[in-house]
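User: I'd like to go through this protein and ask how each label is earned. Can you show me the sequence and the structure to start with?

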Amino acid sequence: MSTKPKSSWRRMLLTLFSAGLLWQSQGLAATEFSYQEATVDQLQAAMTTGELSAEAIVKHYYAEIAKHNERGADLRAVNQLLPLGDAVALARQLDRERAAGQSRGPLHGIPVLLKDNIDSADGLANTAGSLLLQDHYPTQDAFIVERLRAAGALIIGKANLSEWANFRSTGSSSGWSSYGGQTKNPFDTTRSTCGSSAGSAAAVSGNLIPLAVGTETDGSLVCPAAITGIVTIKPTLGLLSRSGIIPIAHSQDTAGPMARTVRDAVYMLDAMLGEDAADAASYTVSESFVSYLRSDGLQGKRIGVMRDLMGYHNGVDAVFEGQLQVLKNAGAVLIDDLSFVNGRNWGEDEFTVLLHEFKFGLADYFAQHPQAPYQDLAGLRADNDRYADSLMPFFGQELFVMAEARTVEQQADYEAALARAKQAAGPDGIDATLAEYDLDLLVAPTTAPAWKIDLVNGDNYSGSASSPAAVAGYPHISVPMGFVEHLPVGMSFFASAGDEGVLIEAAFAYEQLSQARRAPSLMPRNH
């Protein structure tokens with residue numbers, strides 16, 4: 001195996017440059033339509049009137065990626081792109097459908113990036129960010145990818161991520177992968193995107209793409225969304241299929257939409273819904289979540305302010321305090337100064353679960369991909385060591401080592417840890433707190449502002465609101481709530497299993513009033 005990027009990587013670079021040249025040669029950059037912060041509805045309206053086409057939109061975003069992925073802001077947010085000709089062919093087909101009066105819905109003709117741990121059968125590798133998987137070409141779309149294509153979404157490429165979804169090393173730098181390099185925050189390219197859905201968040205925030213799919217085990221959607229100033233919805237476990245996604249832990253893993261507005265995130269969530277027979281946890285709902293996009297969605301909501309998920313950054317807490325008044329002004333009833341009624345005591349058990357499920361879940365994933373270059377964690381670990389200069393130049397694989405040490409004889413120990421963690425975070429955690437104070441949902445700051453990228457010492461991570469909902473498998477939405485200096489921060493809304501509708505009402509109403517999202521300048525900063 002060569003640990004240097006192969007032709008697929010070079011092909012992407014050529015595609016990027018050719019996209020920029022083609023864009024300029026056709027004069028399309030002169031269009032009066034403003035793509036900056038363009039929403040799905042705005043893009044759809046422009047396509048309906050004929051001002052834009054799916055083809056023109058695709059060419060625009062290829063050009064933006066060419067400007068800022070490895071040049072300009074150098075975000076390193078995109079790992080792979082379809083050849084431009086292939087993307088244009090897909091766009092033209094969707095344009096023909098529209099011309100014939102056959103729109104598939106809100107995502108018809110809208111470009112989307114997939115996090116590079118999600119299967120797509122379109123000639124793009126599924127790498128998990130590792131050069132070891134640069135030749136792993138799935139032969140079937142992940143279930144959620146099938147659903148997106150059916151909804152008319154134009155899947156054009158793969159977004160960079162923290163290698164192995166940040167589950168290789170205890171000293172990692174979020175957003176770094178051996179395949180894609182270090183993803184950077186569009187608001188300050190000296191700072192982290194958090195992870196592991198780093199490229200998905202940076203590409204959406206930097207206006208390189210309208211929408212992207214990320215995944216989360218614990219924080220990998222909400223943390224990068226918050227510190228790049230975008231919206232994400234981490235759904236209840238099983239609402240979106242896990243099939244065709246390289247796993248960490250099946251008891252917590254989920255995909256989720258990443259967008260610049262709550263409405264656009266809901267459009268994506270709706271498009272990915274569907275019951276998957278191949279996923280034991282999969283279920284679906286009969287209604288569209290769009291019906292919960294209500295400007296009065298905070299009226300009468302009883303909201304618990306979780307003070308025990310604060311205190312890790314004074315600036316974030318100050319912004320959050322100011323935003324509580326926005327909730328009150330919108331008619332919410334705040335019950336303040338709350339902590340989880342039974343404490344937070346799931347952390348050690350969660351770690352046991354992640355290690356155990358990663359080893360055996362990875363083997364299960366590869367068993368469904370017999371053509372993949374590896375079939376188990378042991379082989380990956382061995383070749384990480386063998387090609388350490390390319391694969392581990394900055395940090396090691398301590399988590400791989402710990403996960404590989406798990407055995408089938410520890411199954412009972414794992415099952416007990418899983419039961420304790422789920423009970424502590426769910427029924428005894430979120431649910432008990434909601435019941436104790438007769439609440440609809442809970443709020444807290446999502447996480448601290450972006451820290452400096454540090455490949456020597458790793459992440460300077462101070463805290464997050466992600467774990468309760470992640471461990472329980474409950475829904476969690478993060479929405480921009482303001483800035484600490486030049487860095488965006490987010491507000492978290494979370495509640496019980498299946499309460500996406502409640503959270504969407506609250507998050508959408510808050511967003512309409514706060515209007516805290518703004519576009520980054522994409523200029524590197526030196527402080």
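Analyst: Here they are, and this is a predicted model. Of its 527 residues, 63% count as buried.

User: What makes a residue count as buried?

Analyst: Its relative accessible area has to be under 20%. Try glycine 429, which has 0% relative accessibility. That value is under the 20% cut-off, so glycine 429 counts as buried.

User: Where is glycine 429, and what does it touch?

Analyst: Glycine 429 is in helix α15, which covers residues 411–436. Leaving out residues up to four places away in sequence, it touches Phe340, Gln423 and Ala424.

User: Why is leucine 90 called partly exposed?

Analyst: Partly exposed is the range between under 20% and over 50%. Leucine 90 comes out at 39% relative accessibility, so it falls in that range and counts as partly exposed. Leucine 90 belongs to helix α4, residues 84–99. Neighbours within four places aside, its contacts are Leu82 and Leu154.

User: How do you know that those two are in contact with leucine 90?

Analyst: Contact means heavy atoms within 4.5 Å. Leu82 and Leu154 are listed as contacts of leucine 90, so each has heavy atoms within that distance of it.

User: What makes the protein as compact as a globular protein of its length?

Analyst: Its radius of gyration is 22 Å, and the globule rule gives 24 Å for 527 residues. Those values are close, so the protein is as compact as a globular protein of that length. Its C-alpha trace spans about 65 × 55 × 50 Å along the principal axes, and the protein has 17 helices and 13 strands.

User: What makes a group of residues a nonpolar core?

Analyst: The members are buried residues of the nonpolar kinds, joined through side-chain atoms within 4.5 Å. The largest such core here has 105 residues. Ile144, Leu148, Val213, Leu327 and Phe493 have the most contacts inside it. Helix α9, residues 262–272, gives the most to this core, with 8 residues. Apart from it lies another core of 27 residues, including Tyr365 and Ala403.

User: Which residues is phenylalanine 493 in contact with?

Analyst: With neighbours within four places in sequence set aside, its contacts include Leu327, Leu441, Pro475, His476 and Tyr510.

User: Why would nonpolar side chains be found together like this?

Analyst: In soluble globular proteins, nonpolar side chains tend to be buried together.

How values were computed. Residues are numbered from 1 along each chain as its sequence is written. This is a predicted model: local features need pLDDT of at least 70, side-chain atom pairs count only at pLDDT 80 or more; totals for chains, interfaces and linings use all residues. Side-chain values use heavy atoms; hydrogens and water are left out. Helices (H or I, at least four residues) and strands (E, at least two) are DSSP runs, numbered from the N terminus. The radius of gyration is taken over C-alpha atoms; the globule rule is 2.2 Å times the number of residues to the power 0.38. Buried means under 20% relative accessible area, exposed over 50%, partly exposed in between (1.4 Å probe, protein chains only).
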